[in-house]
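Here's a quick tour of a protein for anyone just getting started with structures. Have a look at the picture first, then use the notes below to find your way around.

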Amino acid sequence: MRRASAPLASLGLGLALVAGSALPASAHNAVVSTTPEEGETLTEVPEFFVVTTNEAMLDVGGEGAGFAIQVTDGSGLFYGDGCVDVGGPSMSTPAALGEAGDYTMAFQYVSADGHTLSDTLEFRYEPAAGAEASAGAPVPPTCGEEPAAASGGEDPATGDESAAVLGTVAVIGGVIVLLAVGAGVAVWLARRRRG
Ligand SMILES: [Cu+2]
C-alpha cells in the first residue's frame, strides 16, 4: 500500500501538470537527422529512409497512424512500399529508388504533443552504372498493398461518420492518458532519483 501510493500520487501530479500545460503550446519534436540528408547525393540505396527527432514520436495505437514517408522522383513517381515503422524518436521506411536523378522525400509524423508535423527534403541519386532501378508508381503506395493497382473503382472505405467521431474522441482521450502517465512517471523517477 505504501509502495503503490508514490506512483499513484505521481500520476495525480502528472495529470495536474498536463492539465496545467495543455493550453500553452509545448515544444514540437524537432528533426535532428534524416537519411538521406537535405541536399545529399546518394550513390547507393540505403536500407531505410529515416527521420529522427529529439524525442519520442506519438504513435497512438502503435500502428503508425498519421506517419508517412513518401519518396518521389523528378517526374512525380512514388518509390517504396508505403510502410512506416515508428520506434521512439525515429520513423523509417524500406528504401527504394529508380533511375539516377533528383528526388524529394516528404514526411509526416505526430509530435509528442499530439500535433502532426510535416516537411520535405531534396536529395540526388547517382548510382554506379548497372545499378538496379526500382519501378516507380503513379500514386502513393499503401503499406501491404500491391503498388499502383489502377484497376476497378471499388472503394473499400466503409467507416461512417459516427465511427470517425468516436475514433477521434478515443484518440484524444488516449493522448491525454499517455501524457498524464508520462508526466507521472517522470515525476516519480525524479523523486526516486532525488530520494
Ligand atoms: Cu504542437
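First, some vocabulary: helices and strands here are DSSP runs, with at least four residues for a helix and at least two for a strand, and they are numbered from the N terminus. Going by that, the protein has two helices and nine strands. Keep in mind that you're looking at a predicted model. Walk along the sequence and the pattern you meet is α-β-β-β-β-β-β-β-β-β-α. Of the 195 residues in the protein, 27% are buried.

**The four-stranded sheet**

- In general, strands of a sheet pair through backbone hydrogen bonds, and they can do so either parallel or antiparallel.
- One open sheet here has four strands in the order β1-β3-β7-β6, and the pairing is antiparallel.
- Why is one side of β1 and of β6 left without a neighbour in the sheet? Strands β1 (31–35) and β6 (85–87) stand at the edges and each has a single partner strand, so there is nothing in the sheet on the other side.
- Going from one strand to the next, the twist averages 15°.
- Strand β3 (residues 48–53) pairs with β7 in the antiparallel sense, over five bridges. As an example to look for, T52 has S90 in β7 as its bridge partner.
- On to β6 and strand β7 (residues 90–94): this pair is also antiparallel, with three bridges. Look for V86, which stands opposite M91 in β7, and for D85, whose bridge partner in β7 is S92.
- The hairpin of β6 and β7 has two residues between the strands, and G88 takes a positive phi near 60° there.

**The five-stranded sheet**

- Another open sheet has five strands, this time in the order β2-β9-β8-β4-β5 and with mixed pairing.
- Which strands sit at its edges? They are β2 (41–42) and β5, and each pairs on one side only.
- Strand β4 runs antiparallel to strand β8 (residues 101–110), and six bridges join the two. Two pairs you can hunt for are T72 with its bridge partner T104 in β8, and D73, which stands opposite Y103 in β8.
- Strand β4 also runs antiparallel to β5, with two bridges joining them. Here V71 stands opposite Y79 in β5.

**Spotlight on G76**

- You'll find G76 in the loop between β4 (68–73) and β5.
- The hairpin of β4 and β5 has four residues between the strands, and G76 takes a positive phi near 90° in it.
- Is G76 buried, exposed or somewhere in between? Its relative accessible area is 33%, so G76 counts as partly exposed.
- Now jump along the chain to P140, which is 64 residues away from G76: the C-alpha atoms of these two are separated by 9.8 Å.

**The disulfide**

- How many disulfides does a search of the whole structure find? The search turns up one.
- The partners are C83 and C143, with their sulfur atoms 1.9 Å apart.
- The link of C83 and C143 is right-handed, with 90° about the S-S bond.
- C83 lies in the loop between β5 (78–79) and β6, while C143 lies in the loop between β9 (116–125) and α2 (161–194), so the pair ties together parts that are 60 residues apart in sequence.
- C143 has a relative accessible area of 42%, so C143 is partly exposed.

**The second largest pocket**

- How do you spot empty space in a protein? Rolling a probe the size of a water molecule over the atoms shows where it is left.
- The second largest pocket holds about 160 Å³ of space.
- Both cysteines of the disulfide, C83 and C143, are in the lining of this pocket. Other lining residues include E63, F67, I69, V84 and P141.
- Sorted by class, the lining of the second largest pocket has seven nonpolar, three polar and one charged residues.

Conventions: Residues are numbered from 1 along each chain as its sequence is written. This is a predicted model: local features need pLDDT of at least 70, side-chain atom pairs count only at pLDDT 80 or more; totals for chains, interfaces and linings use all residues. Side-chain values use heavy atoms; hydrogens and water are left out. Two strands pair if DSSP finds at least two bridges between them. Axes are lines fitted to C-alpha atoms, for helices over the stretch in contact, and angles run from 0 to 180 degrees between N-to-C directions. On a 1 Å grid over the protein atoms alone, a cavity is a set of points where a 1.4 Å probe fits but cannot get out, and a pocket is an open set with protein on both sides within 12 Å along at least five of seven lines; lining residues have an atom within 4 Å of a point. Grid points are joined across faces, edges and corners, and a volume is the space filled by probe spheres set on the points. Ala, Val, Leu, Ile, Met, Phe, Trp, Tyr, Cys and Pro count as nonpolar, Asp, Glu, Lys and Arg as charged, and the others, Gly among them, as polar. A disulfide is a pair of cysteine sulfur atoms within 2.5 Å. Buried means under 20% relative accessible area, exposed over 50%, partly exposed in between (1.4 Å probe, protein chains only).
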